[in-house]
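User: Hi! I'm new to this one and would love a friendly tour. Could you walk me through it?

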Amino acid sequence: MLMSLVAIVLGLAVLVWSADRFVDGASATARYAGMPPLLIGMVIVGFGTSAPEIVVSIISAMEGNPGLALGNAYGSNIANIGLILGLTALISPIAVHSQVLRKELPILLLITLLSLSLLWNGWLARTDALVLLGVFVLLMGWSIWQGLKDGADAMAADETRELDDNQMTLKQALFWLVAGLVLLIISSRILVWGAVNMAQAFGVSDLIIGLTIVAVGTSLPELASSIAAIRKNEHDLAIGNVIGSNLFNTLAVVGLAGIIHPLEVAAEVISRDFMVMGALTLSLFVLGYGFSGRQGRINRVEGGLLLAAYIGYTSWLALGVLGAA
């Protein structure tokens, strides 16, 4: 029991730190390779901040823990919108200037609906996972095209400032790219072992552990980067981190886990967790897109409501566990 707790705490701590180093190294390497700042922000940072979820879910699927794999992905999406954007907007209202982000918001909503249709029968087969990964590849192609076409987008300026603040030599960038990835894999393995043992010790499902402890832990890179971005007045990076991460989680994280091991989807994942994720995604679209000439914006009141929704959802899970005990 104590060893499991130590493994979770240690695993999460190293996971968050190594993910940050991996993102910095990958971004700097991409810049040396001549990649446009907007493309770095959309693809490299989006992948990097989702790297913890990807590695944890892959290891969970390989070890036959589908609940942990799905709980990690969807729980992270819920935490990204409710907890991270809620807290960030309470610190400072978030304005959406980027036209690229306004295009990604409806795409995120449509992908959420696509995922629901694939999971509706209670099973994620390899063919379903291939569909998710196929859409992911198409989305990455579109993102690359947008990044090359819209180099003057507001998000590009934010990413340029961020890269200037974290300059590295090429040698340093390559070192942290490799070292960060290696530490990500090791810490994820430790975290999964601790999370599964903890679930067994308390008699709760690995789905609940994935939706709560693991999901919040793997979302910490997004929390840190979003708060740092909003303090620097880089609003588009703050919300872009969340949109990019949720796209990666819904398509790549779940898709890769399903390819490795077809996943049985518990009924409560559809009726409870996916519905909460869908409602929060719809809220993000309504607030962030901006209609009738209104600029997309999440003010402090709306941020408070998002945070309250996340607290309510977590309390719902806790009450379910206590009721089953």
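**Cores and helix packing**

Analyst: Happy to! The largest nonpolar core has 64 residues, and Tyr74, Leu85, Ile239, Leu284 and Ile298 touch the most other members. Such a core is a set of buried Ala, Val, Leu, Ile, Met, Phe, Trp, Tyr and Cys residues joined through side-chain atoms within 4.5 Å, buried being under 20% relative accessible area with a 1.4 Å probe, protein chains only. This is a predicted model, where local features need pLDDT of at least 70 and side-chain atom pairs pLDDT 80 or more, while totals for chains, interfaces and linings use all residues. Residues are numbered from 1 along each chain, and side-chain values use heavy atoms, without hydrogens or water.

User: Which helix gives the largest share of this core?

Analyst: That is α10, with 12 residues.

User: What is Leu284 in contact with?

Analyst: Leaving aside neighbours within four places in sequence, Leu284 contacts Ile81, Leu85, Leu105, Leu108, Ile239, Ile243, Tyr289 and Ile298 (contact means heavy atoms within 4.5 Å).

User: Now the helices. How do α3 and α10 cross?

Analyst: The axes of α3 (residues 66–91) and α10 (residues 235–260) come within 9 Å and cross at roughly 175°. They are therefore roughly antiparallel, the word for angles over 145 degrees.

User: What kinds of residues make that contact?

Analyst: There are 13 nonpolar, 8 polar and no charged residues in the contact of α3 with α10.

User: And at what angle do α3 and α9 pack?

Analyst: About 25°, with the axes of α3 and α9 (residues 220–231) 10 Å apart. That makes α3 and α9 roughly parallel, meaning under 35 degrees.

Definitions and conventions. Axes are lines fitted to C-alpha atoms, for helices over the stretch in contact, and angles run from 0 to 180 degrees between N-to-C directions. Helices (H or I, at least four residues) and strands (E, at least two) are DSSP runs, numbered from the N terminus. Angles under 35 degrees count as roughly parallel, over 145 as roughly antiparallel, 65 to 115 as roughly perpendicular and the rest as oblique. Ala, Val, Leu, Ile, Met, Phe, Trp, Tyr, Cys and Pro count as nonpolar, Asp, Glu, Lys and Arg as charged, and the others, Gly among them, as polar. Buried means under 20% relative accessible area, exposed over 50%, partly exposed in between (1.4 Å probe, protein chains only).
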